[in-house]
Amino acid sequence: MRCSKCRERASVEMRRHHSAYCADHYLQFFETHVARNIKHQKMFTPDDKVLVAVSGGQDSMALLHGLAALRCRYALHLHVAHLDHALRGDAAQSDSRFVQDASSRLDLPCTADRRDVSAYQKRHRISSWEMA
């Protein structure tokens with residue numbers, strides 16, 4: 001499979017759009033679509049302060065990178081927030097470090113915290129359903 005733009009080896013296939021992209025052209029495609037949605041939905045006005053909740057998973061990291069790439073265009077003041085729910089042990093702590101490192105590389109402020117939601121759930125006698 002080849003990139004629809006440059007004919008290099010494609011990294012991502014976009015079946016819905018009947019196209020495929022190398023890594024560089026996929027980032028351009030993604031940023032264009034994020035920008036289009038921001039404009040269409042009238043999400044931001046210049047100088048807005050935006051808190052970006054980031055888990056460290058693929059979706060939230062893509063959102064973070066997309067907003068970071070567009071922050072100058074929309075004059076956004078981004079702040080990253082990450083919460084370790086203390087449910088996944090070392091993996092969650094690794095996610096927290098990953099988010100903090102990514103925020104630092106993107107020159108964005110980051111607030112990361114850890115809360116024991118299981119203890120809270122037991123203390124307040126609420127179900128997992130209520131916690132969600």
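The radius of gyration used here is taken over C-alpha atoms, and the globule rule sets it at 2.2 Å times the number of residues to the power 0.38. For a compact globule of 132 residues that rule gives a value near 14 Å, whereas the protein chain of this predicted model has 18 Å. Along the principal axes, the C-alpha atoms fill a box of roughly 55 × 35 × 30 Å.

The chain holds 5 helices and 5 strands, and these follow one another in the pattern β-β-α-β-α-β-α-β-α-α. Among contacts in the protein chain with a separation of 6 or more, 52% are between residues 24 or more positions apart. Burial applies to 30% of the 132 residues. The accessible surface comes to about 9,600 Å², and carbon and sulfur atoms contribute 49% of that area. As for charge, there are 20 positive and 15 negative charges, with mean positions 5 Å apart.

Aromatic contacts come next. A pair of aromatic rings is described by the distance of the centres and the angle of the planes. The structure contains 3 aromatic pairs. One of them joins Tyr 26 and Phe 29, whose ring centres lie 6.1 Å apart with 35 degrees between the planes. This pair counts as tilted, because its angle falls neither under 30 degrees, the limit for stacked rings, nor over 60, the limit for edge-to-face rings. Both residues belong to helix 1 (residues 23-41), and since they are 3 residues apart there, about one helical turn separates them. Their surroundings can be told apart by accessibility: Tyr 26 is partly exposed at a relative accessible area of 24%, while Phe 29 is buried at 13%. Tyr 26 and Phe 29 also take part in one aromatic cluster, together with Tyr 21 and Phe 30.

The backbone offers two further details for anyone inspecting torsions. Most residues other than glycine have a negative phi. His 18, which is not a glycine, nevertheless has a positive phi of about 55 degrees. This histidine is found in the loop between strand 1 (12-14) and strand 2 (19-21). With a relative accessible area of 74%, His 18 is exposed. Ala 75 likewise is not a glycine and has a positive phi, in this case of about 50 degrees. Its place is in the loop between helix 2 (58-74) and strand 4 (77-84). Ala 75 counts as partly exposed, with a relative accessibility of 31%.

Technical notes
Residues numbered from 1 in each chain as written. Predicted model: local features only at pLDDT ≥ 70, side-chain atom pairs only at ≥ 80, totals over all residues. Heavy atoms only, no water. Helix = DSSP H or I, 4+ residues; strand = E, 2+ residues; numbered from the N terminus. Buried < 20%, exposed > 50% of the residue type's maximum accessible area, 1.4 Å probe, protein only. Contact = heavy atoms within 4.5 Å. Areas by Shrake-Rupley, 256 points an atom, 1.4 Å probe, with all protein chains shown as cover. Lys, Arg positive; Asp, Glu negative; His and termini not counted. Charge placed at Lys NZ, Arg CZ, Asp CG, Glu CD. Phe/Tyr/Trp six-rings, centres within 6.5 Å; stacked < 30°, edge-to-face > 60°.
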